[in-house]
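Okay, everyone, thanks for coming. Let me put today's structure up on the screen, and then I'll talk you through it.

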Amino acid sequence: MAISDADGPVPARWTRSTVYQDMWVDPDDDPRETDVQAVDERGVLLEYLRYYRHTLEMKCAGLDAEQLAQRSVPPSTMSLLGLVRHLAEGSGTSAG
């Protein structure tokens, strides 16, 4: 079923979140969004890291081990599990 708008027919969506073509979660339901306003560089960095850590957690939620290890798109060898491992390696280092 398609609905129409000013530009013509709009394809039916599988879920409500796919109404936004460039997003996979509805902005009104996005738990990553906060009212925190960073006031300095450190605050900006911490908010950026929090947002993207939460994004990775959302993408991995509900996946089994086989799905986590599945490669994204050939010829890439990266998987969500590989990305988690990469990020874990980086969190063990400290800037000095």
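**Helix 1 and what surrounds it**

So, let's start with helix 1, which covers residues 41-60. That's 20 residues, and from the first C-alpha to the last the helix reaches 29 Å, close to the 28 Å expected at 1.5 Å a residue. Keep in mind that this is a predicted model.

Which residues of helix 1 are buried? They are Thr55, Leu56, Met58 and Cys60. After the helix comes glycine 62, and its phi is positive, near 80°.

Okay, stepping back to the whole chain. There are 3 helices and 2 strands, and reading from the N terminus, the order is β-β-α-α-α. The chain has 96 residues, and 12% of them are buried.

How far does the confidence go? The average pLDDT for the chain is 75, with 69% of the residues scoring at least 70. Strand 1, residues 3-5, is where confidence is lowest, with a mean of 52. Helix 2, residues 65-69, has the highest, at 89. And the usual caution: where pLDDT is low, the predicted coordinates should not be read in detail.

Now back to helix 1, for the charged side chains. How many salt bridges does the structure hold? Just 1. The partners are arginine 50 and glutamate 47, whose side chains meet at 2.6 Å, N to O. Both of these residues sit in helix 1, 3 residues apart, so about one turn of the helix.

Are those two buried or exposed, or something in between? Arginine 50 counts as partly exposed because its relative accessibility is 27%, in between the cut-offs of under 20% for buried and over 50% for exposed. Glutamate 47 also counts as partly exposed, since its relative accessibility is 21%.

Arginine 50 has another residue to point out, arginine 32. The two are 18 residues apart along the chain, and 8.1 Å separates their C-alpha atoms.

Next, the pocket. The largest pocket has about 390 Å³ of space. It is lined by 14 residues, and the closest to its centre are Leu49, Arg53, Leu56, Leu87 and Ala88. Which elements give two or more residues to that lining? Helix 1 and helix 3. Leu56, by the way, is one of the buried residues of helix 1 that I listed earlier. As for the chemistry of the lining, it divides into 8 nonpolar, 4 polar and 2 charged residues.

Last stop, helix 3, residues 80-91, and in particular glycine 82, which is part of that helix. Glycine 82 is partly exposed because its relative accessible area is 23%, and buried would need under 20%. How far is glycine 82 from alanine 69 in space? C-alpha to C-alpha, they are 7.3 Å apart, with their positions 13 residues apart in sequence.

To pull it together: helix 1 carries both partners of the salt bridge, arginine 50 and glutamate 47, and along with helix 3 it gives two or more residues to the lining of the largest pocket. Okay, that's what I had, so over to you.

Notes: Residues are numbered from 1 along each chain as its sequence is written. Side-chain values use heavy atoms; hydrogens and water are left out. Helices (H or I, at least four residues) and strands (E, at least two) are DSSP runs, numbered from the N terminus. The expected span of a helix is 1.5 Å times one less than its number of residues. Buried means under 20% relative accessible area, exposed over 50%, partly exposed in between (1.4 Å probe, protein chains only). A salt bridge is a side-chain nitrogen of Lys or Arg within 4 Å of a carboxyl oxygen of Asp or Glu. On a 1 Å grid over the protein atoms alone, a cavity is a set of points where a 1.4 Å probe fits but cannot get out, and a pocket is an open set with protein on both sides within 12 Å along at least five of seven lines; lining residues have an atom within 4 Å of a point. Grid points are joined across faces, edges and corners, and a volume is the space filled by probe spheres set on the points. Ala, Val, Leu, Ile, Met, Phe, Trp, Tyr, Cys and Pro count as nonpolar, Asp, Glu, Lys and Arg as charged, and the others, Gly among them, as polar. pLDDT is the predictor's confidence in each residue, from 0 to 100.
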